[in-house]
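Below are some notes for a colleague who has not yet looked at this structure. They are meant to be read beside the model, one point at a time.

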Amino acid sequence: MTDQNPLVIFTPSGKRGRFAPGTPVLTAARQLGVDLDSVCGGRGICSKCQITPGYGEFPKHGVTVSADALSDWNAVEDRYKRIRGLIDGRRLGCQAKIMGDVVIDVPPESQVHKQVIRKSATERHIEMDPATRALYVEVEEPDMEEPSGDFERLARALKAQWGVERVEADLSVLRRLQPVLRKGDWKVTVVLNRGNHDAAHRVLDIFPGFDESPLLGLAVDLGSTTIAAHLCDLRDGRVLASSGLMNPQIRFGEDLMSRVSYAMMNPGGDVEMTRAVREALNTLAAEIAQQAGVAAEVIYEIVLVCNPVMHHLFLGIDPVELGQSPFALALSSSLALDARDVGLAALNRNARMYVLPCIAGHVGADCAAVALSEQPQKSKDMVLIVDVGTNAEILLGNEHRVLACSSPTGPAFEGAQISSGQRAAPGAIERVEIDPVTKEPRFRVIGCDLWSDDPGFAAATAVTGITGICGSGIIEAVAEMRMAGLVDAGGLIGSPEQTGTERCLPFGRTHSYLLYDGRESGGPKIMVTQGDIRAIQLAKSALYAGARLLMDEIGVDKVDRVVLAGAFGAHISAKHAMVLGMIPDVPLDHVQSAGNAAGTGARIALLNRAARDEIETVVGQIHKVETAIEPRFQEHFVNANAIPHAVDPFPELARIVTLPAVSFNTASGGGEGGRRRRR
């Protein structure tokens, strides 16, 4: 193979390589260690290897994908689609051959190791005051002496029996009204919705007699990488099911600005991304209803939280303005609309949607939901709340003042752009420890509670295998390498002579650390490379710089508490986060996890109408700091490249961890990192 061979980039893994023209996509995936299923040996029978190619400009990847990047649709694919069906735009990886540079998305159902969406519901007491409720009423029968319409008499009954002042109904409800009233002998159960800005109650559904059918709502956290949803009972607030899936927009770009660039460079690209995410949400709604054992038609309301780019793309608004100063939103206030207006056909036909307000151009409704969940504006002490994802959103403040910013951490914390990285799935390394004396590692994988040096580990992981390393695993690995003296403060991996272990292997002009070698049993060789260290350094530096910028703005040198929100907060130890310098120095017992705070905020807004008024008021009081135009952000970012930091002291960390004072420079074989520092 030569450098002139086509470049193939797989998402969501981020793995890439060059292959000779005519190489089947499935072959390329296998050679790169991409998680693409196949059980029929590439004969086009099983359909497990379905992939979705992306076409057009991909600035993030530096490629332009032409329409002939893959071989033509063939007879095997045509036969499969005719007989069993194939989603438009999909190809079979065993049949499609690589002919030019191409971006290939592997959908969740084509992955051998299905993704684990780590955004389960957090226990929370929520006062019930939902916008949607079901009321039983007895309606007067029609009378020749006092003629009036059935709907008008229903409205009078609601007012007399429940104090409901104003009522309106969609035409689809009016068409069913008369037969339902008569079937119920003038006794009916009415599903009503009244949002926090609505003057009238809206009839969403009507049933004969006293009906106790499920009355459900969906709280959705629409993230750049994952979409998580909680199915809630609107009568008592119980979470009946939680589920999630990968955001299919990943194939257009792993980070938000890549998706904005895709929309800029590909006419109709925004429409394509809108269609993809709406289809995904319909799929998720149907799956979560099935998981709970109910019909999706009993979902009457959905509350959505998301970042500004996802907000615009979901609503069908071109996000181009968010990609350039002054990062103007088309709409920052909350939004209430019919779910069917945004293509959500899987829910009840009259379901309503509420979208929380955005704070500013790069701080969205998901950050507002975190504020609703964690209430920084009511805190007596100075609290830093960090919701880490592909785009970190940060809140800092107390009862006197709250600031917010977003920081472009990128997808490294999700396991992307890491040499052996993968999304969280069974078989992925998620916990790492390295002995500081022997330099030997031990680890745990998702789906197994045993450590790798425990008896029975091999048998317990025989089914899933050891497939790669996810975000939590790479973060702990880098922190452990720093504590064990394998990495210096500048992020450089030492040579075997410098570190005293043969696990530090030459890797190009630098070194890597061998975490696991499964090649004898047909498994992968999992290493932490110098490139992986750099990716984590860039991500953690952006996160810390954003927090430090807010601290400067509010005039403090330290914070009292740190709250880690999102999947990251639930799966990374405070010690490892502190060793890396991801968060400011605080006592470890002052670092807490909030779980999926954005999802919790969405649940609160779903189950309590007054909470919507509250967060709309709070959002207006939060001051946004724009990292993109703040010169101090770059200064903080550069200083934060060191592990844990080049300038800021970490006395609390020093009380529990002594970081080795090692330095691996060019003269002693340090490679690329030493040259960078010396310049």
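1. D338 counts as buried, because its relative accessibility is 12% and the limit for buried is under 20%. The model is a predicted one. D338 belongs to strand 18, residues 335–338. Leaving aside residues up to four places away in sequence, D338 touches R202, A351 and R352.

2. N307 is another buried residue, with a relative accessible area of 4%. Its place is the loop between strand 17 (299–306) and helix 7 (308–315). Which side chain makes a polar contact with the side chain of N307? It is that of S224, at 3.1 Å. Not counting residues up to four places away in sequence, N307 touches L222, S224, L256, G364, D366 and E393.

3. L256, one of the residues touched by N307, is also among the buried residues of helix 5 (residues 256–265). The others on that list are S258, R259, V260, Y262 and A263. The cover over these buried residues includes strand 5 (56–58), helix 6 (269–292) and helix 7.

4. Helix 5 packs with helix 6 at an angle of about 130°, and their axes are 7 Å apart. Helix 5 is therefore oblique to helix 6. On the helix 5 side the contact is made by R259, Y262 and A263, and on the helix 6 side by G269, D270, E272 and M273. By type, the residues of this contact are three nonpolar, one polar and three charged.

5. A second helix pair is formed by helix 10 (residues 471–483) and helix 12 (residues 530–554), which pack at an angle of about 105° with their axes 11 Å apart. That angle makes helix 10 roughly perpendicular to helix 12. From helix 10, I474, I475, V478 and M481 meet D532, I533 and I536 of helix 12. The residues of this contact divide into six nonpolar, no polar and one charged. As background, an α-helix has 3.6 residues a turn, so residues three or four places apart point the same way.

6. One open sheet has five strands in the order 2-1-9-4-7, with mixed pairing. Which strands stand at its edges? They are strand 2 (16–18) and strand 7 (91–92); each has a single partner strand, so one side of each is left without a neighbour in the sheet. Helix 1 (residues 25–32) packs on this sheet and touches strand 1 (7–11), strand 2, strand 4 and strand 9. The direction of helix 1 makes about 75° with that of strand 1.

7. Within that sheet, strand 4 (residues 50–54) and strand 9 (residues 102–105) run antiparallel and are joined by three bridges. P53 stands opposite I104 in strand 9.

8. Strand 29 (residues 561–565) is mostly covered, with four of its five residues buried. Strand 29 pairs in the parallel sense with strand 20 (residues 383–387) over five bridges, and I385 stands opposite V563. Strand 29 also pairs in the parallel sense with strand 30 (residues 591–595), over four bridges. The bridge partner of A565 in strand 30 is G595.

9. Helix 2 (residues 75–84) is capped at its N-terminal end by N74, which places a side-chain oxygen 3.1 Å from the backbone nitrogen of V76. After helix 2 comes G85, with a positive phi near 90°.

10. Some backbone values deserve a look. Most residues other than glycine have a negative phi, and most peptide bonds are trans. D185 is not a glycine, yet its phi is positive at about 55°. W186 is likewise a residue other than glycine with a positive phi, near 70°. D185 lies in the loop between helix 4 (171–183) and strand 12 (187–193), and W186 is found in the loop between helix 4 and strand 12 as well. Are these residues buried or exposed? D185 counts as partly exposed at 48% relative accessibility, whereas W186 counts as buried at 8%.

11. The peptide bond from I643 to P644 is cis, with omega near 5°. P644 is placed in the loop between helix 17 (631–639) and helix 18 (651–656).

Methods. Residues numbered from 1 in each chain as written. Predicted model: local features only at pLDDT ≥ 70, side-chain atom pairs only at ≥ 80, totals over all residues. Heavy atoms only, no water. Pairing = 2+ DSSP bridges. Helix = DSSP H or I, 4+ residues; strand = E, 2+ residues; numbered from the N terminus. Contact = heavy atoms within 4.5 Å. Axes fitted to C-alpha atoms, helices over the stretch in contact; angles between N-to-C directions. Parallel < 35°, antiparallel > 145°, perpendicular 65-115°, else oblique. Nonpolar A, V, L, I, M, F, W, Y, C, P; charged D, E, K, R; others polar. Buried < 20%, exposed > 50% of the residue type's maximum accessible area, 1.4 Å probe, protein only. Polar contact = N/O pair within 3.5 Å; in protein donor to acceptor, adjacent residues only side chain to side chain.
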